[in-house]
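Visitor: I've got a model to look at, and I'd like to know what stands behind the labels people put on it. Can you walk me through it?

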Amino acid sequence: MADWPTIASSATAGGTLVLAVATFSSVRAGRRATRIAERSTGIAERALLIGMRPVLVPSRGTDPPETVRFVDGRRVSVRGGKAAVERDAENYYFVIPLRNVGTGLAVLQSWHIAVLQPRPDTGHPKPQEFRPQTLDLYVPAGDTGFWQGAVREPDDPFREGLHEAFLAGEMLTVDLLYGDHEGGQRTISRFILTREDDDQWRCGVVRHWALDGIDPRVP
């Protein structure tokens, strides 16, 4: 005689095992699909950000000159590949012609100027130490634009050492903080202004810091 209770128990156990295996396989497949989806989302997000990423450098010598008007009526003209540092009484005016070699619109947010020699181990000032731009300044991708700043107030902290540096033609360091058109991908680019023999100022960029991304210099 067949032992039907035993057969039934074995069948139930076998069905439970098959269900467990199927469930385990389904969970593994689901986790794998989730990882793939997350990876694909990350790749798509990075590709989107790359398409919006601005990178500012000095304009080229062949780029057209810039004539910039300040809110007090002062006009400053500067050739491509140069910079302007002008003094009027106790007021100082600065202009840097820029070129955006990135793929996204650059929106200048704030700036910082100091009299110092750049060193590889010298970091950038804290973002809260930067001065917000009075006017919105934009540099389109693959095109040119400019940055402008001024020091006018007697107690302006950026005035420290500026008079002596201007008279002696010492190096000036300008840090510009900017991002994409949505306010993300904040970057600080450090520009160095050096006065030449003809009293014109040469401009160069020495470093970029990504504030909202992975620093490639950190292992």
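Guide: Let's start with what a strand is: a DSSP run of E, at least two residues long, numbered from the N terminus. Leu 193 is found in strand 10, which covers residues 187–195. Bear in mind that this is a predicted model.

Visitor: What does the protein look like in those terms?

Guide: There are two helices and eleven strands. Along the sequence the pattern reads α-β-β-β-β-β-β-β-β-α-β-β-β. Of the 219 residues, 35% count as buried. And among contacts between residues at least 6 apart in sequence, 64% join residues at least 24 apart.

Visitor: Back to Leu 193: why is Leu 193 called buried?

Guide: Buried means under 20% relative accessible area. Leu 193 has 0%, so the label applies. Beyond four places in sequence, Leu 193 is in contact with residues including Ala 83, Val 85, Ile 96, Met 171, Val 174 and Trp 201. Leu 193 and Gly 204 are eleven residues apart in sequence, with their C-alpha atoms 6.8 Å apart in space.

Visitor: What makes a set of residues a nonpolar core?

Guide: The members must be buried residues of the nonpolar kinds, such as Leu, Ile, Phe or Trp, joined through side-chain atoms within 4.5 Å. The largest core here has 27 residues, and Phe 94, Ile 96, Leu 98, Trp 147 and Leu 193 touch the most other members. Apart from that core lies another, of eight residues, among them Val 76, Val 78, Tyr 93 and Val 95.

Visitor: Which residues does Trp 147 touch, not counting those up to four places away in sequence?

Guide: The list for Trp 147 includes Phe 94, Ile 96, Leu 98, Leu 108, Trp 111, Val 174 and Leu 176. Gln 133 is also one of them.

Visitor: Gln 148 comes right after that. How do you know whether Gln 148 is buried or exposed?

Guide: Same kind of check. Gln 148 has a relative accessible area of 10%, and the cut-off for buried is under 20%, so Gln 148 is buried. Gln 148 is found in strand 8, residues 144–151.

Visitor: What does the side chain of Gln 148 reach at 3.5 Å?

Guide: The backbone oxygen of Arg 69. A polar contact needs a pair of N or O atoms within 3.5 Å, so that distance sits right at the limit. Leaving out residues up to four places away in sequence, Gln 148 touches Arg 69, Val 68, Phe 70, Phe 94 and Gln 133, among others.

Visitor: And Thr 144, why does Thr 144 count as buried?

Guide: Thr 144 comes in at 18% relative accessibility, and under 20% is what the label asks for, so Thr 144 counts as buried. Thr 144 is found in strand 8. Further off in sequence than four places, Thr 144 is in contact with Asp 63, Glu 66, Leu 98, Arg 99 and Val 139.

Visitor: Let's try a loop. What makes Ala 89 exposed?

Guide: Exposed means over 50%. Ala 89 has a relative accessible area of 55%, so Ala 89 is exposed. Ala 89 is found in the loop between strand 4 (82–88) and strand 5 (91–100).

Visitor: What is there to say about phi of Ala 89?

Guide: Phi of Ala 89 is near 60°, a positive value in a residue other than glycine. Most residues other than glycine have a negative phi. Gln 185 also has a positive phi, near 50°. Gln 185 lies in the loop between strand 9 (172–179) and strand 10. With a relative accessible area of 13%, Gln 185 is buried.

Visitor: Why is Gly 161 called partly exposed?

Guide: Partly exposed is what lies between the buried and exposed cut-offs, 20% and 50%. Gly 161 has 29%, so that label fits. Gly 161 is in the loop between strand 8 and helix 2 (162–168).

Visitor: Last stop, the second largest pocket. What lines the second largest pocket?

Guide: It's lined by 15 residues, and Trp 111, Thr 134, Gly 149, Ala 150 and Arg 152 lie nearest its centre. Strand 7 (131–139) and strand 8 are the elements that give two or more residues to the lining. Strand 7 gives the most, with five residues. By class, the lining has seven nonpolar, four polar and four charged residues. About 270 Å³ of space lies in this pocket.

Methods
Residues numbered from 1 in each chain as written. Predicted model: local features only at pLDDT ≥ 70, side-chain atom pairs only at ≥ 80, totals over all residues. Heavy atoms only, no water. Helix = DSSP H or I, 4+ residues; strand = E, 2+ residues; numbered from the N terminus. Buried < 20%, exposed > 50% of the residue type's maximum accessible area, 1.4 Å probe, protein only. Contact = heavy atoms within 4.5 Å. Polar contact = N/O pair within 3.5 Å; in protein donor to acceptor, adjacent residues only side chain to side chain. 1 Å grid on protein atoms, 1.4 Å probe; cavity = no way out; pocket = protein on both sides within 12 Å on 5 of 7 lines; lining within 4 Å. Points joined across faces, edges and corners; volume = space filled by probe spheres on them. Nonpolar A, V, L, I, M, F, W, Y, C, P; charged D, E, K, R; others polar.
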